[in-house]
Amino acid sequence: MIYLDNAATTKPLDSIVNNIEFITKKFYGNPGSRHSMGKSALNVTETARCYVAKVIGANPDNIVFTGSATEANNMAIRGWASNLSPPKHYNDRYLIITPAIEHDSVRKSVEAAENSFIDICFVGVNEYGEVNIDEIEDLVTNGKYIGGLISIMHVNNEVGSENDIERIQEIANKAGWYTHFDCTQSIGMCDVNVKELQPDFITFSSHKIHGLKGTGALYLRDMESISPLVIGGHSQEYGLRGGTENVIGIWAFGEACKELKHTGYLE
């Protein structure tokens, strides 16, 4: 069989597969523990965080590891919505905008975020699957909303269309709106630099770039812009995602990002 389904998942790097047993046995400590084994495991996760951050030109302190890109999308959208305070005036409302053909993890998160002061809108796309940016601009600038979130898939996982996230970010900047770009399909294929783009949230995943399944990442420009969905770990992932860190998955994520550098994607 010739495997051509890389948009769904990729084969893990040989360097990852060949070292899984060694890393698992050597760094089995809890990264939250204060003893030497815990500190060794923590060093593994923090080194990987640096490599993952570098892929998008981010500061490592702005990267939160998750269990998947789906979870990261939920954190960005639902976490942002739950962090909002009700407007002072009863008729003031926020809006979340996303394309009608978005991935279910975004679409269902948007639907779940709708409440008494948050509206949602699914905008149209053209024949190539590219979002209607003029429609987005009209919704952002028509004066009906006091703010909102634009959540857009950078590259479509089904048809491969690429959305103009730079223009969308410009529209959001002018209005003071938040942006979330799902870059799960574009990391490693397209140049995404958060220092240049200045998005609020970026999500991506390890297994799409030859890492392991079960690890995703959320970039946040402002670490206080969301409320955590998974609670119970005060110090874990900056208090934004409770649960003992998946050391082997995070390590593999870092190794996959290092390989992007070696292949010339990163300088």
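A: Start with a definition: contact means heavy atoms within 4.5 Å. Keep it in mind for the packing below. This model is predicted.

Q: Which residues of helix 5 are buried?
A: Buried means under 20% relative accessible area. In helix 5, residues 104-113, that group is Ser105, Val106, Ser109, Val110 and Ala113. They cover an arc of only 130° around the axis, so they sit on the same side of helix 5.

Q: What is exposed on the other side of helix 5?
A: Exposed means over 50% relative accessible area. Lys108 and Ala112 are exposed on that other side.

Q: What do the buried residues of helix 5 pack against?
A: Two kinds of element. There is helix 4 (69-83). Then come strand 2 (94-99), strand 3 (118-123), strand 4 and strand 5.

Q: Let me try another helix. Which residues are buried in helix 7?
A: Helix 7 spans residues 165-175. Ile165, Ile168, Gln169, Ile171 and Ala172 are buried there. Look down the axis of helix 7: the buried residues fall within an arc of 160°, so they line one face of the helix.

Q: What covers the buried residues of helix 7?
A: The cover includes helix 6 (133-141) and helix 8 (194-197). It also includes strand 4 (147-153) and strand 5 (178-182).

Q: What phi does Gly176 take, just after helix 7?
A: A positive one, about 75°.

Q: Which residues other than glycine have a positive phi here?
A: Two examples will do. Gln198 has a phi near 60°. Its place is the loop between helix 8 and strand 6 (201-205). Tyr238 is not a glycine either, yet its phi is positive, about 60°. Tyr238 is found in the loop between strand 7 (216-220) and helix 9.

Q: How do Gln198 and Tyr238 count by relative accessibility?
A: Take the value, then compare it with the cut-offs. Gln198 has 32% relative accessibility, so it counts as partly exposed. Tyr238 has 37%, so it counts as partly exposed too.

Q: Is Pro31, in a loop, buried or exposed?
A: First, the place: Pro31 is in the loop between helix 2 (20-26) and helix 3 (36-55). Next, the value: its relative accessible area is 7%, so Pro31 is buried.

Q: Which residues is Pro31 in contact with, leaving aside its neighbours within four places in sequence?
A: Gly38, Ala41, Leu42 and Thr45 are among them. So are Thr244, Glu245 and Val247. Look at Thr45: it is 14 residues from Pro31 along the chain, and their C-alpha atoms are separated by 7.8 Å.

Q: Where is Asn62 found, and what is it in contact with?
A: Asn62 is in the loop between helix 3 and strand 1 (63-66). At 15% relative accessibility, Asn62 counts as buried. Beyond four places in sequence, its contacts are Leu218, Tyr219, Leu220, Arg221 and Met223.

Q: Which members of the largest nonpolar core touch the most other members?
A: This core has 40 residues. The members that touch the most others are Ile56, Ile63, Ile97, Ile136, Ile150, Ile187 and Ile202. Helix 9 (residues 247-262) gives the most to this core, with five residues. A second, separate core has 21 residues, including Val64, Ile77, Phe201 and Ile226.

Q: What does Ile63 touch?
A: Not counting residues up to four places away in sequence, Ile63 touches Arg49, Val52, Ala53, Ile56 and Ala58. It also touches Ala217, Leu218, Tyr219, Glu237 and Tyr238.

Q: And where is the place of Ile202?
A: Ile202 is in strand 6. At 0% relative accessibility, Ile202 counts as buried. Beyond four places in sequence, it is in contact with residues including Ile56, Phe181, Cys183 and Val192. Others are Val194, Ala217, Leu218 and Tyr219.

Q: How many cavities of 30 Å³ or more does a search find?
A: The general idea: rolling a probe the size of a water molecule over the atoms shows where empty space is left. Here, a search of the whole structure finds one cavity of 30 Å³ or more. About 50 Å³ of space lies in the largest cavity.

Q: Which residues line the largest cavity?
A: Pro99, Ile101, Glu102, Val125, Gly129, Val131, Met153, Asn156 and Asn163. By class, this lining has five nonpolar, three polar and one charged residues.

Methods: Residues are numbered from 1 along each chain as its sequence is written. This is a predicted model: local features need pLDDT of at least 70, side-chain atom pairs count only at pLDDT 80 or more; totals for chains, interfaces and linings use all residues. Side-chain values use heavy atoms; hydrogens and water are left out. On a 1 Å grid over the protein atoms alone, a cavity is a set of points where a 1.4 Å probe fits but cannot get out, and a pocket is an open set with protein on both sides within 12 Å along at least five of seven lines; lining residues have an atom within 4 Å of a point. Grid points are joined across faces, edges and corners, and a volume is the space filled by probe spheres set on the points. Ala, Val, Leu, Ile, Met, Phe, Trp, Tyr, Cys and Pro count as nonpolar, Asp, Glu, Lys and Arg as charged, and the others, Gly among them, as polar. Buried means under 20% relative accessible area, exposed over 50%, partly exposed in between (1.4 Å probe, protein chains only). Helices (H or I, at least four residues) and strands (E, at least two) are DSSP runs, numbered from the N terminus. The arc is that of the directions from the helix axis to the C-beta atoms. A nonpolar core is a set of buried Ala, Val, Leu, Ile, Met, Phe, Trp, Tyr and Cys residues joined through side-chain atoms within 4.5 Å.
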